[in-house]
Protein chains: 2
Amino acid sequence: MTQPAPNPTPTLEDVARVAGVSRATASRVINGVPTVDPKMCAKVNAAVKKTGYQPNSAARSLVTRKTGSIALVISGSDGSAEQVFGDPFFGRVTGGVVKHLRTEGIHPTLVLADSDTARLEAVDYVRRGKADGALLVSTHADDTLPGLFVAAGLPAVLFARPGLPTPISFVDLAHEVGAALAAERLVARGCRQVVTIAGPADVPAAQDRLTGFRQAMARHGQPFVTVAYGNFTMESGEAAMTELLTAQPALDGVFAANDLMAAGALRVLREHGRSVPEEVAVIGFDDSAPANASRPRLTTIAQPIEDMAAEMSRMLLHQIANPTDPPNCTIFDPHLVPRESA
Amino acid sequence: MTQPAPNPTPTLEDVARVAGVSRATASRVINGVPTVDPKMCAKVNAAVKKTGYQPNSAARSLVTRKTGSIALVISGSDGSAEQVFGDPFFGRVTGGVVKHLRTEGIHPTLVLADSDTARLEAVDYVRRGKADGALLVSTHADDTLPGLFVAAGLPAVLFARPGLPTPISFVDLAHEVGAALAAERLVARGCRQVVTIAGPADVPAAQDRLTGFRQAMARHGQPFVTVAYGNFTMESGEAAMTELLTAQPALDGVFAANDLMAAGALRVLREHGRSVPEEVAVIGFDDSAPANASRPRLTTIAQPIEDMAAEMSRMLLHQIANPTDPPNCTIFDPHLVPRESA
DNA sequence: CTGAAAGCGCTAACAA
DNA sequence: TTGTTAGCGCTTTCAG
């Protein structure tokens, strides 16, 4: 009498047979349904252990219509794919998401949406049921992706307020508050000739920082702040600083919209023989790695990116569980990290 | 006569009905089976467009036993979760993987395995059929994860040779070759008092770089190279450089096992009034962001991480398609990136 | 509290 | 070439 070879990947059927119960009961035990006789429970658990059973998630998803996975979509302009993963910002967002989601036993799938077709595919990805919802991180303001998800009625949460008005949940930072923190620090140090290096005009966050900074300086009696624009790179920070030094040679305080530009400013200041922070105080934004690597180390405004990412994940999970709830948002406060430059 | 409301998410059944064909034919068209009458083809495609049909991937996976997704597993020591995503190395690996996989229409799922239970869960993740295979990136040498995957008979490919001997496919860098490149550059510049800052002794790559460097220097008549150990951080690079300056004050060439330590060395050298590259030549390894941000900018050894990541992905896809093929490996050559420091 | 049976949406023999 | 049919492995009414 030859027995059939044991199935290489046991099914619920196998577990049920080994445990001597029905498939339904086995399923109940495995899914933790409370109304099951402890004895059957034990039998099933033993059978699970013995067989090394792992529920087939495709079969499960097919009936529950849930996958237990979510997409982390990085939406950028064409060809931005390359550098995205080199950016520590995305690293921190990713880290925060991964860290929070794992407590729920779920792992994010990385979807790059750096072209219009890729954006459509990202939507289809969750439409096909490969994920229950999406976490959206945009690199540019006029991103159409949030709109696509809303239109498709798919659960999604944004990191940062949508550039285009869209009824969608999001988390964001109170950028103006951060900028005000910087302004107050500069004023408190006694700076009377303050300038700022702003980010690109089409990035909402950059705008908020500039506006917030100007307003705060105005409150402290310095309504006219010279501004130079950069694009968040160190080189652009160097260029902007050079420009500012020409426009306002007596400057004694600089607020840059991010650390990289602040680092560039530091370098130019040194080349011009201006000591930091003695002659010129410098404040950055983001509290990224360069802030700590520069000399003097940068005083900067930190955003709780990991917390924001965790909250974003939480909101998405909530929305998946309660699809009819209206969108909502959470705004986080930044804080000042005092170091040597101001 | 009331028609039933149109299904919010159309199924293959709906498409078939709209097209006036059988479900099987619809399926064939959608999966590109060649032996289908072009007329039916057209009808089905029209129906797909009209209904906005998207194949349900759970249903599909259930029968094909393939998910069309792969796991990118980051295996580290307990609690290394945090900083992993801040490390540009992982960013580049991730970028390379994502970029290659997307050409196949597949997106990697990020799985963090920073504890023994997390490692087991990572294995279960693909055992449950949530992914067809795994890309493994380890942060430490004695990682048990590769062994777990091999034992489970699951497709997996490693980035970097396994620390523990394991019959598994992997890609790696010819670290010795890179170190030799650095040695030759230093020798060619006329350095006669060369020292090196090595990485941790338990990291195979660090060992290979040290060994390769020593051997190459020996070939060029400098068999005794003073070595100080660091742990790949800038601080440890500073400490090591300080130490070396004491041990061998007349040194005129430094090879550091990574850029961060080289940047630290640069800083200490400047503090000691040694000009780089005039008095001391410095070479780093990795060609990471700090290499370009330091002043002078670092001459360094670059690894084709993205290419390696792409190849790793390719190998995994191959292994998934041909499960019985034996493991194999591909070793990539680094190249020297000449900048200002040497 | 447990089991029998239906069916999630799809692909793949097999027949026609 | 096309249609019919039988599951893939699981959850979930519905009876008992």
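I began at the rotation axis: of the residues of chain B, Thr109(B) comes closest to it, at 2.0 Å (C-alpha). I noted that this is a predicted model, where local features need pLDDT of at least 70, side-chain atom pairs count only at pLDDT 80 or more, and totals for chains, interfaces and linings use all residues. Residues are numbered from 1 along each chain as its sequence is written, and chains are lettered from A and ligands numbered from 1 in the order in which they are written.

Next I looked up how the copies are related. A turn of 180 degrees and a shift of 0.1 Å along the axis lay chain B on chain A with an RMSD of 0.1 Å (least-squares superposition on the C-alpha atoms of residues with pLDDT of at least 70 in both). The two copies are thus related as by a two-fold rotation axis. Both use the same surface, since 100% of the contact residues of chain B recur in chain A.

I then looked up the contact. Chain B gives 36 residues and chain A gives 36 residues (in contact means C-beta atoms, placed from the backbone, within 7 Å). Helix 6 (88-102) of chain B is among the elements that supply at least two residues (helices are DSSP runs of H or I, at least four residues, and strands are runs of E, at least two, numbered from the N terminus). Helix 6 of chain B gives the most to this side, with eight residues.

Last, I looked up DNA strand D. Of the 27 residues around it, Thr11(A), Leu12(A), Ala24(A), Ala59(A) and Asp37(B) come nearest (near means a C-beta atom, placed from the backbone, within 6 Å).

Conventions. Contact = placed C-beta atoms within 7 Å.
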